[in-house]
Amino acid sequence: MTARIRIPSLLSRAGTASALTLAAVGGTALTPGAVTEAEAASVSARALQVAAAKKGSPYRWGATGPRRFDCSGLTLYSFKKAGKKLPRTAAQQFNRTRRVAADRRERGDLVFFHSGRSVYHVGIYAGKGRIWHAPKTGDVVRLQKIWTSSVSYGRVH
């Protein structure tokens, strides 16, 4: 996949432009495999919609959908449906995302729950301090307020 860029009209009339010219006017050079901020946001927004649509689906340890989920199975499934591949476990997903400060978090970012250095749970940030997640055995996929400060945020890129 190649990132889509918006080239100022001055450059589009001139034809092609070098990376230095693009940088000088605030453009972005084409990078194979790169994703623009808008594309990343749309993937996260779609993943959030997919997770919300799974409201009420039963929790099952090790399940990755489409009818039952564990926590990382829900995030994996949601992002896959949105067009982005994630690894299987919460810890692997943590290692694959870009850290985001709590005050810069956005809807669709992943929320990782920690005990010491161990990541034990993941959900998708829904805004207003809430996440969509598959909590535990006997529960269902649901929207819930974040219950601890031992969390970090990761952006799927």
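**Salt bridges, strand pairing and surface charge**

With a relative accessible area of 29%, R142 is partly exposed, a class lying between buried (under 20% relative accessible area) and exposed (over 50%), with a 1.4 Å probe and protein chains only. The structure is a predicted model, in which local features need pLDDT of at least 70 and side-chain atom pairs count only at pLDDT 80 or more, whereas totals for chains, interfaces and linings use all residues. Residues are numbered from 1 along each chain as its sequence is written, and side-chain values use heavy atoms, with hydrogens and water left out.

The side chain of R142 meets that of D139 in a salt bridge, at 2.9 Å from N to O; the term denotes a side-chain nitrogen of Lys or Arg within 4 Å of a carboxyl oxygen of Asp or Glu. D139 is buried, its relative accessible area being 17%. Elsewhere, salt bridges that share partners join E106, D109 and R155 into one network. By the stated criterion, the count of salt bridges comes to four.

Within the network, E106 and R155 form a salt bridge whose closest N and O atoms are 3.8 Å apart. This pair links distant parts of the chain, since E106 lies in the loop between β1 (98-100) and β2 (110-115) and R155 in strand β6 (residues 151-155), 49 residues apart; strands are DSSP runs (E, at least two residues) and helices likewise (H or I, at least four residues), numbered from the N terminus. E106 is partly exposed, at 42% relative accessible area, while R155 counts as buried at 11% relative accessibility. The side chains of D109 and R155 also meet in a salt bridge, with an N to O distance of 2.8 Å. Here too, distant parts of the chain are linked: D109 belongs to the loop between β1 and β2, R155 to strand β6, and 46 residues separate them. D109 counts as buried, with a relative accessibility of 1%.

The loop between β1 and β2 also holds R104, which is exposed, at 61% relative accessible area. The C-alpha atoms of R104 and Y153 are separated by 9.1 Å, the two residues being 49 apart along the chain.

Strand pairing requires at least two bridges found by DSSP between two strands. Strand β3 (residues 118-127) and strand β4 (residues 130-133) run antiparallel and are joined by three bridges. In this pairing, I124 stands opposite W132 of β4. The hairpin of β3 and β4 has two residues between the strands, and K128 takes a positive phi near 55 degrees in it. Strand β4 is further joined to strand β5 (residues 142-145) by four bridges, again in an antiparallel arrangement. W132 stands opposite L143 in β5.

On the surface, R46, K80, K81, K85 and R96 gather in a patch of positive charge. Such patches are made of residues with over 30% relative accessible area and no salt bridge, like charges being joined within 9 Å and nonpolar side chains (Val, Leu, Ile, Met, Phe, Trp, Tyr) within 5 Å. Lys and Arg count as positive and Asp and Glu as negative, with His and the chain ends not counted. Among the patch residues, K81 is placed in helix α4 (residues 71-81) and counts as exposed at 51% relative accessibility.

Note on methods: Areas by Shrake-Rupley, 256 points an atom, 1.4 Å probe, with all protein chains shown as cover. Charge placed at Lys NZ, Arg CZ, Asp CG, Glu CD.
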